[in-house]
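This report covers strand pairing and salt bridges in one protein model. The sequence and structure are shown first, and the text follows.

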Amino acid sequence: MFTGIVTDVGEVAAVEGSQDTLKRLRIHSSYDPATIVLGASIACGGPCLTVVAFGPREGGSWFDVDTAAETLERTTVGEWQAGTRVNLERSLKIGDELGGHIVTGHVDGLATIVAKEAITAGDDPWGPTARFTLKVPPALAPFIAEKGSVCLDGTSLTVNTVNDDMFSVLIIPHTLAVTTWGDRQVGDKLNLEVDLMARYAARLADARRAG
């Protein structure tokens with residue numbers, strides 16, 4: 001379980017394996033290797049992945065994760081190459097602050113950036129804010145609600161506006177600086193996880209209609 005609060009931006013160092021069945025990725029991070037264990041869950045760009053090997057390196061650590069066919073098909077992981085930067089978050093511990101919203105690391109589909117607008121406020125010392133408009137698959141659109149929560153590439157965000165299968169989010173200067181959002185451009189695809197409560201509410205509604 002995660003919160004969508006990014007704690008590091010890692011970089012893919014190596015990719016091995018098949019595009020369709022199984023890939024092993026090595027990711028460089030600034031995490032202390034002493035705090036990583038085999039089998040640990042780390043959200044990498046949104047998907048929850050399992051650490052299968054790890055070790056120290058200058059400036060932090062490296063860890064390996066395996067991605068199977070379902071992840072490769074449903075997420076952007078299949079497109080990652082050496083040099084790809086990914087948002088990282090360690091799994092939530094009992095007693096940790098829930099700074100974002102409840103995130104499972106189970107990606108529902110891909111959202112595509114269709115517009116990006118830089119917003120400046122005079123001589124703002126913190127830098128520009130950016131508004132992104134994204135398009136989602138029609139099947140996922142009902143789960144997106146104004147002022148609700150979404151997780152995009154592992155980042156917990158509040159939905160600003162909704163218009164059919166498109167919605168917008170506002171990214172503050174701090175988030176642009178400490179995540180991969182500063183790199184995002186029109187046409188990019190992002191890993192989308194809809195709000196867990198919306199998913200269960202829809203399932204309960206379906207069950208009642210069927211009954």
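## Strand E8 and its salt bridges

At 19% relative accessibility, Asp165 counts as buried, because the cut-off for that class is under 20%. The structure is a predicted model. The salt-bridge partner of Asp165 is Lys135, with 2.6 Å between the closest N and O atoms. Lys135 belongs to strand E8, while Asp165 sits in the loop between strand E10 (155-163) and E11; the pair thus links distant parts of the chain, 30 residues apart. Unlike Asp165, which is buried, Lys135 is partly exposed, with a relative accessibility of 37%.

Strand E8 (residues 129-135) pairs with strand E7 (residues 109-119) in antiparallel fashion through 7 bridges. Strand E8 is also joined to strand E11 (residues 166-171), again antiparallel, by 6 bridges. On the E11 side, Leu134 stands opposite Phe167. On the E7 side, Glu117 has Arg131 of E8 as its bridge partner.

Arg131 and Glu117 are also in contact through their side chains, which form a salt bridge with an N to O distance of 3.2 Å. Because Arg131 lies in strand E8 and Glu117 in strand E7, this pair ties together parts that are 14 residues apart in sequence. Arg131 is partly exposed at a relative accessible area of 30%, and Glu117 is partly exposed at 41%.

How many salt bridges does a search of the whole structure find? The search gives 7. Among them is the pair Asp188 and Arg184, whose side chains meet at 3.1 Å, N to O. Here Arg184 counts as buried, with a relative accessibility of 17%, whereas Asp188 counts as partly exposed at 23%.

The table lists the salt bridges described above.

| Salt bridge | N to O distance | Relative accessibility |
|---|---|---|
| Arg131 and Glu117 | 3.2 Å | Arg131 30%, Glu117 41% |
| Lys135 and Asp165 | 2.6 Å | Lys135 37%, Asp165 19% |
| Asp188 and Arg184 | 3.1 Å | Asp188 23%, Arg184 17% |

Which residue of strand E8 takes part in both a bridge pairing and a salt bridge with Glu117? Arg131 is the bridge partner of Glu117, and the side chains of Arg131 and Glu117 meet in a salt bridge.

Terms used: Residues are numbered from 1 along each chain as its sequence is written. This is a predicted model: local features need pLDDT of at least 70, side-chain atom pairs count only at pLDDT 80 or more; totals for chains, interfaces and linings use all residues. Side-chain values use heavy atoms; hydrogens and water are left out. Two strands pair if DSSP finds at least two bridges between them. Helices (H or I, at least four residues) and strands (E, at least two) are DSSP runs, numbered from the N terminus. A salt bridge is a side-chain nitrogen of Lys or Arg within 4 Å of a carboxyl oxygen of Asp or Glu. Buried means under 20% relative accessible area, exposed over 50%, partly exposed in between (1.4 Å probe, protein chains only).
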